[in-house]
Amino acid sequence: MRRFDSFWKMALLLAAVGLAACAPAGQKGASKGCLDCHQEYASRFAEGNKHQPVAMQECGACHRNHGLIGGLYLKREVPELCFDCHAEINPARANYTFPHPPTDSGQCLVCHDPHNAKQQALLKDTEEALCLTCHDAAVFAGQHRHAPLAKGCKTCHQVHGSQAPDLLSLDKEALCASCHDLQRPVHREKHGGYAIERGCTDCHSAHTSDRAPLLKASVHKPVKEGTCGDCHDGADLGSDGLPAADKESSCYSCHGDKETEFSAEDTHAVVREGRCRACHAPHASDSTFLASQDEKTLCFDCHTFRFNETGGQQSRGIKGHSPVAGGDCLSCHSPHRGSVGQNALLAASPDRLCSQCHDTGTSVPTYSHPPMRQDGCLACHQPHESTEAGLLVKPQRSLCADCHESVRQAMNDTHLHRPFLTGRCDACHNPHGGDRTAFLKGEGAQTCAPCHPKLEAQRRSPGWHVPFTAGQCRACHQPHSSGQAFLLTGEVSAVCLQCHPGQQPAAGMTDKHQNCASCHAPHGNEGDHFLLKSLPELCLTCHKVDQFWEQGAAHAPAAAGQCTVCHDPHFSRVETAFDARETCFGCHNLSPAELTKSHGGMRPGDQTCLECHDPHGASNTSLLHPVGHKPFMDGDCAACHQGGAP
């Protein structure tokens, strides 16, 4: 309890110190103003137009007092903080039919500085510069400019939201009429004698144009020549300015040569039905061929795709073919009627269309992939969108397995090549065809090199294992899968014995001497016989026979790493009994008399050396085993042996 009280006393003391620190000198308990500590803001906020709380030095209107805690904290997040005072801008309250996207998403600070600015309304930059951060400047770069544009965007547009499309301050026709007297006779004269009171932007650009008087880039010939009567009849005008009976056939009055062709069954549906204005503007357009809207989006009014959801948000995992994603539909399709014999309004056969952009490398292949040769690109690829890389119709391995049953069977093996496991058949194979069998991307190791750069560098070293340096990877490894580790074609020894049959281990050997890779580097190295380590270190990794080498006596051949002087490392020949004449006498070439003399007058048998001596090392120079029969250890052989050959 006393410790608890001490804690709170200390906390109260720190709080008191903090409050005193924030009080001006001579005014005990009074709070400092923000500028007392943040003097750098006084000069920064002194110029230009000031936000009212800044001008009144009421920082607390937006910011929390932070006292001892560093940092700057707003009372509420933007835009709610802004809407506390500017409620009339809140889209939810103002009920804008068409809110400005930054306003609708609460990004007030995209345009406004919260403290002060040189521009009116605390704008961060000039009105025009701010608008052009989001809107394409090319729209405003024409030779002829609409006069209101010089007065700024707000002449016609609302900045936060509007009840009219395009954030216009009035309905489009009413806005034009606010400057242009549409009842003047001269206005009728300029429009072929027709009283045009609406649809001004059907022909005229609202901002700039390279054509006078602000006509759009593409103008219908009758409009350009002022022969409105070619399409319009002054009597009995329908709601769209055309006689009700002529809506479907008016275009053919000039384009009659297309009427029969456009009546065919394989014609675009809107064309066959005579709904030309579903795609074309009747007077003028900023797009070529009088397209009623941007050609990049026109087709998407009827043809929707998963990759391009409403609002332009990219669907997760869906990839669009680049011409489709870019709205360049006409690179493959004809807008009215496709090429003869082609479906889906295709301008040419799918293969010809694909080859315009994609070099499939199959112009003169030695081997061509049957699906490519027989069925074309669409046998494996989607033309518009796919969840798979390369716009494949399904995952690559599944697609290949449809024709290659061995692929499906190989999946049951215990060891799978990583490209095969991840379904990347094209990592090694050219799926369209090529000049090598199995459509491999390279000869021998050239196919493996991109994924195994370290091995490729080693492969170029002289003197390494011949199959490896020759790039004969498949001499030892399976390309897709195997029941053996490292994708070997069989057990290690079986693989090696294909080229080294003379090293066949003796029957019954089951230890590591059956596995060549226990001692040898399978690809090779700079050592003798490609050993993993030099002798005797290699043998000592398994055989702990060096216990007396530091303190004692080592058998000279063993310590020198001459293991193979006594041992056959491959056990190709295993004797049931040790024969000193073949092993020990190779170095210790003693005559029978000398051998008898050195053994207390008794000659040992030819197979008895190892009964007394350790062949690797011992505590004494005689290399005797450390534990022995006392008479023997005392040199008293006569205690047991009566003489003669034992």
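# Exercises on charged and buried residues

Arginine 459 has a relative accessibility of 15% and therefore counts as buried, in a model that is predicted.

**Exercise 1.** Describe the salt bridge between glutamate 456 and arginine 459, and state where the two residues lie.

*Solution.* Begin with the distance: the closest N and O atoms of glutamate 456 and arginine 459 are 2.9 Å apart, and this falls within the 4 Å that a salt bridge requires. Next, consider the burial of each partner, since glutamate 456 has a relative accessible area of 13% and is buried, while arginine 459, at 15%, counts as buried as well. Finally, place the pair in the chain: both residues belong to helix H21, which covers residues 453-459, and they are separated by 3 residues, about one turn of the helix. Elsewhere, salt bridges with shared partners connect Lys394, Asp402, Glu405 and Arg408 into one network.

**Exercise 2.** Examine the salt bridge between lysine 394 and aspartate 402, and decide whether each partner is buried, partly exposed or exposed.

*Solution.* The first step is again the distance, which is 2.9 Å between the closest N and O atoms of lysine 394 and aspartate 402. The second step is to compare each relative accessible area with the limits, where under 20% means buried and over 50% means exposed. Lysine 394 has a value of 30% and is therefore partly exposed, and aspartate 402, with 46%, also counts as partly exposed.

**Exercise 3.** Locate arginine 337 and aspartate 266, the partners of another salt bridge, and work out how exposed they are.

*Solution.* The closest N and O atoms of arginine 337 and aspartate 266 are 2.7 Å apart. This pair links distant parts of the chain, for arginine 337 sits in the loop between helix H14 (322-325) and helix H15 (350-357), whereas aspartate 266 sits in the loop between helix H11 (221-225) and helix H12 (269-272), with their positions 71 residues apart. Arginine 337 has a relative accessible area of 29% and so is partly exposed, and aspartate 266 counts as partly exposed at 35%. The count of salt bridges comes to 12.

**Exercise 4.** Explain what surrounds aspartate 614, which is buried yet has no salt bridge.

*Solution.* Start with the position of aspartate 614, which is in the loop between helix H28 (609-612) and strand S16 (617-618). Then look for a partner of opposite charge: the nearest such side chain, that of lysine 544, is 15 Å away, and a salt bridge needs the atoms to be within 4 Å. Now turn to the backbone, where the nitrogen of histidine 616 lies 2.9 Å from a polar atom of the aspartate 614 side chain, and the nitrogen of glycine 617 lies 3.5 Å from a polar atom of that side chain. To finish, if residues up to four places away in sequence are set aside, aspartate 614 touches Leu623 and His625.

**Exercise 5.** Determine the setting of serine 493, and then place this residue in the wider protein.

*Solution.* Serine 493 is part of helix H23, made up of residues 492-497. With a relative accessible area of 10%, serine 493 is buried, and, apart from neighbours within four places in sequence, it is in contact with Gln514, Asn515 and Cys516. Across the protein, buried residues make up 25% of the 646 residues, and the secondary structure comes to 29 helices and 16 strands.

Terms used: Residues are numbered from 1 along each chain as its sequence is written. This is a predicted model: local features need pLDDT of at least 70, side-chain atom pairs count only at pLDDT 80 or more; totals for chains, interfaces and linings use all residues. Side-chain values use heavy atoms; hydrogens and water are left out. Helices (H or I, at least four residues) and strands (E, at least two) are DSSP runs, numbered from the N terminus. Buried means under 20% relative accessible area, exposed over 50%, partly exposed in between (1.4 Å probe, protein chains only). Lys and Arg count as positive and Asp and Glu as negative; His and the chain ends are not counted. A polar contact is a pair of N or O atoms within 3.5 Å; within protein, one must be able to donate a hydrogen and the other to accept it, and residues adjacent in sequence count only if both atoms are side-chain atoms. Contact means heavy atoms within 4.5 Å.
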